[in-house]
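Trainee: I have some questions about how parts of this model meet. Can we take them one by one?
Mentor: Yes. Put the structure up and ask.

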Amino acid sequence: MGRGQPQTAHLLRRGGFGVSPDDLRAFDRFAPSGVVEYLLNVDRQPDDVDSKIGQSAYVSVTTRGGQFSPNTNIEDARQRWLFRMVHTTRPLQEKMALFWHNHFATAYSKLAGTFPAVQATKMLALVEGELPGPRGQLELFRAMGLGSFRDMLIEVARDPAMLVWLDGRVNTRLRPQENFGREVMELFTFGLGNYVEQDVYAAARVFTGWNLRLAGGADALQPTAYYEFVYNANQHETSEKTFTFPIYSDGGKTIPARTASEGMQDGIDFLTALATHPNTARRLVRKLWDFFVSEVNQPDDEFVDNAARIYLQYDTQIKPVLAYILRSSAFLDPANWYTRYSWPVEFVVRAIKEVGWNGFSVDAARTPMINMGQTLFEPPDVAGWSLGQNWFSSGAMLARMNFAAMLAANQRFNLARDAADAKSSPEDFVSYFIDRFTASEFDAEPYSDLQAYVATGGAWTGSAAQLQAKAAGLTRLIVGSSEYQFI
Amino acid sequence: MHVSRRSFIRGGISAFTVTLAAPEFLCDLARAQGARSRNLVVLYLAGGNDSLNTVVPYRDPFYYSRRPTIAVPAANILQIGTDTAGNALGLHPRLTGLRDIFNQGRLAIIQRSGYANSSRSHFQGADIWNTADPSSPSSMGWLGRFLETVPRDPLVAFTTTRDLPRALMSRSVSVPSIPDARVYSFASPNIGDEAVNERAAATRIASHVPVDRPQLAFVNASARAALDTLDRVATFANYTGTVTYPNNGLAQALRTVAGSIVRGLGTRVYWVQTGGFDTHAGEGLQGGGAYATLMSTFNDGVLAFYNDLRNQGLLSDTLILQFSEFSRRISENGSGGTDHGAAGIMMAVGGGVRGGIYGSAPSLEPNPANPTLENNGGDVRYETDFRSVYAKVLDGWFGANSISVLGGDFRAGGPAIV
């Protein structure tokens, strides 16, 4: 049972969340270019992963108090999201949703401190149609994450979760509130060095009146009630706003004074300017490079220029940029494989897919992920999680090792059964697990450490008890190894 | 100029040196010496603490005129005296424990700490405070650079946060994060001898330092640090203390630190932090509401920790240094909160602290000639460079060489807090 083409595994680790051994065999019939096509053309796969929740062939979810309520209970929303990452047939869509969640980092706890928990969860996770109200922020990322960044940015500015998170809902004509205006420039688009404090004051005034209101009934505790965007014209500051960078294609830096009823256009103009600014293009390209290609090696200028040009040429569409990235020689270059540190959620999902999930619930990953430093829907602040080496404090590494142990214990019978063909010798046994789990390469010394481990505890008999113990132990050692922490 | 985290990591890893574990005897020696040696507890209030509501210039009329709804009424202030410029000051009403500590002479308040061209970005601001380099935040943290000068020990420092703060990042010293000592243990899918064999194998596998694969070496170092420290952490995992610690994250983290100190782990630097200080809106009427809750969390945690150590005669070796990445605008905004500002308060607490009020309070009058303000009278201008406080801690508390650690001589103007 081989790994299949290593390039395919690399594509599916980066473009998705990894691949189970069975699925990897299925992908063997594709050339790598076919895998890229599969990843990019998400619409060719059905969007039905949610309908699999609860079916026996899939990873389980844990329900508390009877009902699974991912639209109104945040722990169930987290489980649903993990389930999607494990079983999606649209991996790039889910991967980009995670990317945007980190980019527009919005945390549940502030929302739940402001509104009832049921509303806070709906704001982040509601699937449109399952309850009254607009889609949650995650669904916005799933629907728009590969499309126009400009359009998505405008929807994010109107998103109820974001309006609570960055205090947009208290941004009014008489007392402008700077939080969103600052962060939309500093973090969501072109970044520090492209604006000054005066721009922040002006940006705050642009978004005055962008607010939310309760609808679907007056009782926010009811799951049928919801919050939706509303533009309060009487709260909009209507004077002109001047910036230090161009807003309009003729180079104009001033948003003109408008009537209050037309004032929402200020925000559209401003966000369009930000989304189409060349430095936004470059900054997004660099973030996508770091996420998809390498955290260790930098892109050369030509790559950034090309990708930024594509972004602007295609009216800020993300999919053409991803197509450029996934087809680039840099991405396909083996020197860039395994040069990104896996996020806790990526580690957990890939481990589940590779080790197996029979009888395992995604809820078991909840506390380990907290200890690894990542809780979905709860980034530490609006800048998102600290990536790369920052994931690997010793306590977090211990949490990864211990998660590997838990998963290995849970799947010991299946692992031993799957490895039965390789039970004739300890060397074959180790070899089977090295092939099965897509860790980065083990050097000679750690490889012999694994073999030495298999040899402990007595002669090799291939008995069921021994196979289960060693299968679980090897799985724990490989999945918990440093080599496995890279994607 | 802003240096991104990305370039920091690349710079750091290419300079990664091989040696992680000092020879055994040095570790033991360090532990023997360190069992009761001086330690530093850094307490970071994350989000930008509104210092003007922490230490209040309650006789300045502009405090009330510029903060019509959120200013703390003078009648509620816990008075602590005047500074050298004659400004009357008092603490927020919830800081009763700190007031007691102040009266014992063990709380130093450093006013108007900061630096020129103060950043109003959380991330850049925090980076600057963490690296002590406003002009170009360098890769490593100021405490990380200090730790490189002391004998190696996997527990020479630890953080109670899940993320490693940049202040503790260093090229060669691995600092564990121990958010909850009770779960800091090794799990195995097997039991008995098999589990022992597994742990030994895991330790061996993580022991390799492949010089041609520096990223892998880095993660191995983390794994190694975790494994090395498991048994030692277990010695204080169930520490409960001689006082009742409040049931919140900050107090629990301080209790973990107290346990480590009491059990003589030899740790030199601890990091604790608590968040929620980014009070853009709804800060609380008259110092109440959300801000009062923040002050209670801060006060009650520090007081419990202080009393716990004092009860056991361990206060003289411990220094708490509190900071925040910036303070906030003098005038309240229209949402009953405050936006990002500039200079603010640092505090030092401990048995060796020379308590008192250092520096001078700002005058809050928005007059262009007022030298204590900046940004058109919108923010407080710094008076004491935060690096001089760091220098004082490094030189005066640890007996280290602040010029070398901070990359410059910042001793001038440093408050004589220790």
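Trainee: How far apart do the C-alpha centres of domain 2 of chain A and domain 3 of chain A lie?
Mentor: They lie 40 Å apart in this predicted model. Domain 2 of chain A covers 90–279 and domain 3 of chain A covers 344–485.

Trainee: What makes residues of these two domains count as being in contact?
Mentor: The C-beta atoms, placed from the backbone, must lie within 7 Å. Eleven residues from domain 2 of chain A and nine residues from domain 3 of chain A take part in the contact.

Trainee: Which helices of chain A each supply at least two residues of the side of domain 2 that touches domain 3?
Mentor: Helix 5 (91–103), helix 6 (108–114) and helix 11 do. Helix 5 of chain A gives the most, with three residues.

Trainee: How do the residues on that side of domain 2 of chain A divide?
Mentor: Seven are nonpolar, three polar and one charged.

Trainee: Now the two chains. How many residues does each give to the contact?
Mentor: Chain A gives 55 residues and chain B gives 50 residues.

Trainee: Which elements of chain A give two or more residues to the side that touches chain B?
Mentor: Helix 11 (179–188), helix 20 (394–410), helix 23 (444–455) and helix 24 (464–479). The largest share, eleven residues, comes from helix 20 of chain A.

Trainee: Why would a glycine on that side be called polar?
Mentor: Because Gly is counted among the polar residues. By that division, the side of chain A that touches chain B has 22 nonpolar, 21 polar and twelve charged residues.

Definitions and conventions
Residues are numbered from 1 along each chain as its sequence is written. Chains are lettered from A and ligands numbered from 1 in the order in which they are written. This is a predicted model: local features need pLDDT of at least 70, side-chain atom pairs count only at pLDDT 80 or more; totals for chains, interfaces and linings use all residues. Helices (H or I, at least four residues) and strands (E, at least two) are DSSP runs, numbered from the N terminus. Domain bounds come from an automatic or database domain assignment.
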